[in-house]
Amino acid sequence: MYQFSWRYRFAPIVFSLLFSASAWVVADEPADPATDVRTLLARPILDEDQSLREVQRYCERRIATLPPQTSWSNWQREAETLRERVLAEIVFRGVPADWRSPARKIEWFDTIAGGPGYKIRKLRYEALPGLWIPALLYEPENLTGRVPVVLNVNGHDSKGKAAPYKQIRCINLAQRGMLALNVEWLNMGQLQGEGFVHYRMNQLDLCGVSGLAPFYLAIERALDLLLDHPHADVDRVAMAGLSGGGWQTILFSALDRRVTLSNPVAGYSSYKTRVQFFSDLGDSEQTPTDLAQLADYTHLTALRAPRPTLLTFNAKDDCCFASGHALPPLLESASPIFERAGVGSRLRSHVNHVPGTHNFERENREAFYQMLGDHFYAGDPAFNAAEIDSESEVKSAEELAVSLPEENLDFHKLAKNLMEGIEDPFSDGPVQPKLTPATLARTARLNDYMPQAELVGEQTLGTTQARFWRIVLAEDWTVPVVELSRGEPKSTALVAADTGRAEMTDQIHRLLDDDQRVLAVDPFYLGESKIEDRGFLFALLVSSVGSRPLGVQADQLQAVSRWASQKFGAPVERLITVGPRIGLSAVVAVAAGDESERPKQLELSTALVSLREIIDNNWSVDKYPELFCFGLFAQGDIHDFIELAKPCQVIYRKSTSPTALEAGD
C-alpha cells in the first residue's frame, strides 16, 4: 500500500481540536467581513491526502480482475471473447467506417545504403485516411524464401525512428536476415506537433470516437504492409519497443494474433500497480476510457498465451515501470495460463541491471535477439545472439527523413472534422430527440448518491457564522462543504469554482449581505479536493474504470443539493459556478437531475457556451480533465443541456466565448 508520512495519521486529532462542534469560536478582534469570509473558507475540512486515498480506493475496486483459474480450453474461449470486446468496445468504439477500410495507401521513396548486407527503403503509409506515418524498412540483401519480420515501435523519444538504440536494433535484425520495419510514433520524430500531443486524443473521445483508434490503426497498417512483403514469413512475426513502444507492443500483440513473438520493454504494469506507484500512471493512450473496467494489463499479458513473450524491465528504471514492482504481478497472472497451455517456457522475463535505467540498450537487445533465436531459429547453430557492432552505421535524422504531406492530419484536425458532422448547437430546432435527462445521466455515468453529512466544526468571525461539513457519498467520495450565514438566511446558494472555494470570497461576501445561506463546495479534483501529485492521471484512471470525472463532479453537486434541501427544508435556490470545468459539471448536474431538486437559477461565470470551444481552442485533457467525457458532444451541446435544465434559469455572467450571451439576454 501507498505509505503516508506519520504526521498524516494525527491530522484527524489535530482537526478535531481545532474544530470542536460543541461551541462557536469567537474572534478576539473584529475584522473586515470579507476577510472573515476568506479566513473561514481557507479552513481545511478533509484530512490531509484524503482525496488521494479515496481516488486510489475508488479506482482499485473497479479495475477488472482475471477470472479464476480454469482449463486451457475455457481460457481460450474467454480470451477470444475478451479480445473481441476490447476491440469493439474500446479500440474501435464509434470509429467511422472509412478509418477501417481495407484499402490503404502506401508510398515508397528512395532506397539508401545501409551497411554490410542490408539496405534501407523509405516509405510512408496511411494509418487512416489523411494521417500518414513515415517509416523505414531495413531489408537484407539477396533475399530468398520466407524470412522473419519484426515490427519496431518507439516510445516517448523526440528522436523517434532516428533514435540510435532503435537504429542499431533494426540493423542487427537485418544483418541476421530479418525484415525490420522502423515506424514513427505519433508526436515523436517527424510527427512532433501540438496537434499530435497525446493528451489531445481525448478530443476524439468527446466526439464519441475512440482516441485510441489512431494509435492502434498506425500499428495495424504497419503490420499489414510488412506482411505483404513477398519474403515475409507469416509464422515468424515479432514486435518490440521501449516505453511507449513497450505499451504499443503489449496492447497490439495481445489483440492481434498475427504477432507470434512479443518483447515489450519497460512499457507497462497492471492498473492496480499504478494506483500505488505513481510513476506508472499512464498517459491518455495507456489509460483509455473504460479499458480498466473491462481488462487490466494482466489480461493483455495473459492474452499472449501460447505465443512466445519476453517481458523486459529495468531494475533501476528512472522513468517508470521499475522491475521490482511492475514485473511480479504480470508474471503471477499470466504464468499459470501459459502453464495450462503446456508452454510455460514461452513466457520469459529479463531484468536489466546494467545500466538498469530506462533503456533498450545492448543487454536488453541481446535478450531480444536470444528470444528470436530460440523461437525463430531453433536448432540453427549459426545463430548468434551477441550484438553485431554497428554504431558507425547509425544515421542522422535528416538522412532518415521521409517526405510527408503538408496537410497531414493529427488528433486536433481529426476532431475538428468530426465536429463538423455534429449539429450546430445554436440552431433554433428542438432538443435532439435522443437526448433526455436519463441519456445524459448515462453518458456522464451519474450514480444518484444518497448523501450522509458529518458536522466537523463550527466557528464565528464577526457577523459570519460557519459550519464545516463532510458530505459522504457511499464508500466513494467525501465532499468538503463550508456553510456560511449571517443572521437568518432567506434562501440557500451553492457555489463552486475551478480554482477552489477560497477564490470566491467576494461573491460569497455579497451573497451573505443579500441574506443568502452559502454552501461553498470543492468537488472532486478542485480546491481542497484537488490531487496534487499527478492528479489528472488519476482523472484519466477514473474514466478508464468506467466513471467520468465530469460525472463525479456532477454527482457531488447533486448530492450536496439533495442534502441541503433535506437539511434546510427547501431546494437550493441558486447554483453559482466560476470556471469552464465546474460550469459544465453544473449544467450536466442540473439537466440530468430530478426536476424537483433543480435550483431556480444556475449562474455561470467564465463558462463554456458550446463544447465546440474545447476543440476550437485545442484544449488537452491534462489541463481540463472533466471536459472530455466520452460521447458527450455526440449526445448534444450545452445549448441542448440548458433546454433540458428548464425550468431552471441559466444565466451567463461571463463566458469563455465572445459569442456568449451576457446576463439577462
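Helix H17 (residues 505-513) lies across five strands in this predicted model: strand E11 (464-473), strand E12 (477-485), E13, E14 and strand E15 (574-578). The direction of H17 is at about 155° to that of E14. Helix H20 (residues 580-592) also packs on the sheet, where it touches E13, E15 and strand E16 (601-607). H20 makes an angle of about 155° with E16.

**The sheet**

- The sheet is open and has eight strands, in the order E10-E11-E12-E14-E13-E15-E16-E17.
- Its pairing is mixed.
- Strand E10 (451-461) and strand E17 (649-655) are the edge strands, and each of them pairs on one side only.
- From one strand to the next, the twist averages 20°.

**The parallel pair E13 and E14**

- Strand E13 (residues 491-497) runs parallel to strand E14 (residues 516-521), and five bridges connect the two.
- One of the bridge pairs sets Val 495 against Ala 520 in E14.

**The antiparallel strands E10, E11 and E12**

- E10 and E11 are antiparallel and are joined by 10 bridges.
- Pro 451 is placed opposite Leu 473 of E11.
- The hairpin of E10 and E11 has two residues between the strands, and Gly 462 has a positive phi near 60° there.
- E11 also pairs with E12, in the antiparallel sense and over nine bridges.
- Phe 468 has Val 482 in E12 as its bridge partner.
- Three residues separate E11 from E12 in their hairpin, and Ala 474 in the turn takes a positive phi of about 50°.
- E11 is mostly covered, with seven of its 10 residues buried.
- In a regular strand, side chains alternate between the two faces of the sheet.

**Packing of H20 with H23**

- Besides its place on the sheet, H20 packs with helix H23 (residues 638-645) at an angle of about 40°, and the axes of H20 and H23 are 8 Å apart.
- An angle of about 40° is neither under 35 degrees nor within 65 to 115 degrees, and H20 and H23 are therefore oblique to each other.
- The crossing of H20 and H23 is left-handed.
- H20 contributes Leu 584, Val 587, Val 590 and Ala 591 to the contact.
- H23 contributes Ile 638, Phe 641, Ile 642, Leu 644 and Ala 645.
- By class, nine residues of the contact of H20 with H23 are nonpolar, and there are no polar and no charged residues.

**Packing of H4 with H18**

- Helix H4 (residues 50-62) packs with helix H18 (residues 535-544) at an angle of about 30°, and the axes of H4 and H18 are 10 Å apart.
- Angles under 35 degrees count as roughly parallel, and H4 and H18 are therefore roughly parallel to each other.
- H4 and H18 pass each other in a left-handed crossing.
- On the H4 side, the contact is made by Leu 52, Val 55, Gln 56, Tyr 58 and Cys 59.
- On the H18 side, these residues meet Phe 538, Leu 541 and Val 542.
- The contact of H4 with H18 holds seven nonpolar residues, one polar residue and no charged residues.

Notes:
Residues are numbered from 1 along each chain as its sequence is written. This is a predicted model: local features need pLDDT of at least 70, side-chain atom pairs count only at pLDDT 80 or more; totals for chains, interfaces and linings use all residues. Side-chain values use heavy atoms; hydrogens and water are left out. Two strands pair if DSSP finds at least two bridges between them. Helices (H or I, at least four residues) and strands (E, at least two) are DSSP runs, numbered from the N terminus. Axes are lines fitted to C-alpha atoms, for helices over the stretch in contact, and angles run from 0 to 180 degrees between N-to-C directions. Contact means heavy atoms within 4.5 Å. Angles under 35 degrees count as roughly parallel, over 145 as roughly antiparallel, 65 to 115 as roughly perpendicular and the rest as oblique. A crossing is left-handed if the near helix is turned anticlockwise from the far one by less than a right angle, and right-handed if clockwise. Ala, Val, Leu, Ile, Met, Phe, Trp, Tyr, Cys and Pro count as nonpolar, Asp, Glu, Lys and Arg as charged, and the others, Gly among them, as polar. Buried means under 20% relative accessible area, exposed over 50%, partly exposed in between (1.4 Å probe, protein chains only).
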